[in-house]
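Biologist: I'm new to this one, could you show it to me and walk me through it slowly?

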Number of protein chains: 2
Amino acid sequence: MWENTKSRIPEATVNRLSTYARILDQIKSEGTELIASADLADQCGFKPAQIRKDLAYFGEFGVRGKGYYIKELRENLKKILGVTQTWKVVLVGAGNLGLALLAYKGFLAHGFVIDAVFDKFPEKIPSHRTGSLPVLPMSDLHEVVQEKQIKIGIIAVPSESAQNVGTALVNAGITGILNFAPTQIQTPHHIKVKNVDLGSELEHLSFYLSQYP
Amino acid sequence: MWENTKSRIPEATVNRLSTYARILDQIKSEGTELIASADLADQCGFKPAQIRKDLAYFGEFGVRGKGYYIKELRENLKKILGVTQTWKVVLVGAGNLGLALLAYKGFLAHGFVIDAVFDKFPEKIPSHRTGSLPVLPMSDLHEVVQEKQIKIGIIAVPSESAQNVGTALVNAGITGILNFAPTQIQTPHHIKVKNVDLGSELEHLSFYLSQYP
């Protein structure tokens, strides 16, 4: 849930834009040129009207009676999602979760590169576990974030440290935070915080298993 | 995105139900009894009409002109989400991500307990890293899932092994899968698969940083 009140684009729309882009990526590699609105909707699992409504926030897309030009829509979506550039990301927390995120191949596919790793106790993390990136002490956070001009931070520390890390990231100049700690953090209004609640992902399963046993 | 076509409840609705339940949990602990529809909407970041629409799938909730009884709505939501019971979960993959999920405190808060851990090479995982649960070989998966009557599985293996693990889970009797591998897996129609795409979580940030720099 977005803390930010300034933005008028619903989070669910951003979610769907990601889906559209991903589906178009798959279609594109099959060489098709134009996709009918109903086909795209079908493959994404949404209604054509939903796609039109989501895209309408950003301009006019699609050709009446024909559908969407795949390549064009894909490029527009990536521009909208801000993934035409590569984003440098700072990771705080080099425990199991942090190391898992460091090794996660799905980030690069979306244009994100973890460019620096910090931990409260960098000396405790065996260097062979972090690949080529050294784990730096928190005292270097501000300098490194400024020097590398990093704007996105990932919090992968226990709940009880999450707020302190969040504050340190904001003070260092980070404006977007992906928070994996299962707790809310307080930040100034201009900072975007996205909480990843892995427990609520499991709730999707228990919901469907309960509703349709 | 849900592969399942049988279900008419949109995934975004399930997402919001999780949010409502979480917000109500926080309010409840402050001792309030009734919450105005507009207040709940405000705290959740959605419109009152959205909440009404989401809840209408499951029955009549709320008191006209007054709002919602907090305790009652919270309990109803948990029933809907299937989290009044504890769900046993099997985890496949004891690499960094698997170990991170094993240590993740957010699952228990939602009523999920990882009850068995499997890996292709269990002998390679130091026993002190998995706590009290032994890491079992894949050859035991079927028997353990059947014996413990586990219905939910988590895939925390590299992309190239995800399909094989998914198939093994389904064959063992799992009907709900949370897939962390950044790839799609094919399953029979009655199986619910929820893909966790950590890269698309970051896209939320790049979207907002691009739209509102």
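Modeller: One definition will help at the start: a residue counts as buried if its relative accessible area is under 20%. Please also keep in mind that this is a predicted model. By that cut-off A:Cys44 is buried, with a relative accessible area of 0%, and B:Cys44 is likewise buried, again with a value of 0%.

Biologist: Since you start with cysteines, how many disulfides does the structure hold?

Modeller: There are zero disulfides over all chains. For reference, a disulfide is a covalent bond that links the sulfur atoms of two cysteines.

Biologist: Which residues of helix α2 in chain A are buried?

Modeller: Helix α2 of chain A covers residues 37-44, and within this helix A:Ser37, A:Leu40, A:Ala41 and A:Cys44 are buried. Around the axis they cover an arc of only 100°, and therefore they lie on the same side of α2(A).

Biologist: And what follows α2(A)?

Modeller: The residue that follows α2(A) is A:Gly45, and its phi is positive, near 85°.

Biologist: Let's step back to the whole of chain A. How many helices and strands does it have?

Modeller: Chain A has nine helices and eight strands. Of its 213 residues, 52% count as buried, and its C-alpha atoms fill a box of roughly 60 × 45 × 35 Å when this is taken along the principal axes. If you look at contacts in chain A between residues at least 6 apart in sequence, 58% of them join residues at least 24 apart.

Biologist: What is the order of the strands in the sheet of chain A?

Modeller: The order is β5-β4-β3-β6-β7-β8, in an open sheet of six strands with parallel pairing. At the edges stand β5 (135-137) and β8 (192-195) of chain A, and because each has a single partner strand, one side of each is left without a neighbour in the sheet. From one strand to the next, the twist averages 25°.

Biologist: Over how many bridges do β4 and β5 of chain A pair?

Modeller: Strand β4 of chain A, residues 112-119, pairs with β5(A) in the parallel sense over three bridges. If you want a place to look, A:Val117 stands opposite A:Val135 in β5(A).

Biologist: Which strands does helix α8 of chain A lie across?

Modeller: Helix α8, residues 159-172 of chain A, lies across β3 (87-92), β6 (152-155) and β7 (176-179) of chain A, and with respect to β6(A) it runs at about 170°.

Biologist: Now for chain B, what does the sheet look like there?

Modeller: Chain B has an open sheet of six strands with parallel pairing, in the order β5-β4-β3-β6-β7-β8. Its edge strands are β5 (135-137) and β8 (192-195) of chain B, each of which pairs on one side only. Within the sheet, β6 (residues 152-155) and β7 (residues 176-179) of chain B pair in the parallel sense over four bridges, and B:Gly153 has B:Ile177 in β7(B) as its bridge partner.

Biologist: How are the two copies related?

Modeller: A turn of 180° and a shift of 0.1 Å along the axis lay chain A on chain B with an RMSD of 0.1 Å. The two copies are therefore related as by a two-fold rotation axis. The same surface serves both copies, as 100% of the contact residues of chain A recur in chain B.

Biologist: Which residue of chain A comes closest to the rotation axis?

Modeller: That is A:Asn96, whose C-alpha comes to 2.5 Å from the rotation axis.

Terms used
Residues are numbered from 1 along each chain as its sequence is written. Chains are lettered from A and ligands numbered from 1 in the order in which they are written. This is a predicted model: local features need pLDDT of at least 70, side-chain atom pairs count only at pLDDT 80 or more; totals for chains, interfaces and linings use all residues. Side-chain values use heavy atoms; hydrogens and water are left out. Buried means under 20% relative accessible area, exposed over 50%, partly exposed in between (1.4 Å probe, protein chains only). Helices (H or I, at least four residues) and strands (E, at least two) are DSSP runs, numbered from the N terminus. The arc is that of the directions from the helix axis to the C-beta atoms. A disulfide is a pair of cysteine sulfur atoms within 2.5 Å. Two strands pair if DSSP finds at least two bridges between them. Axes are lines fitted to C-alpha atoms, for helices over the stretch in contact, and angles run from 0 to 180 degrees between N-to-C directions. Contact means heavy atoms within 4.5 Å. Copies are superposed by least squares on the C-alpha atoms of residues with pLDDT of at least 70 in both.
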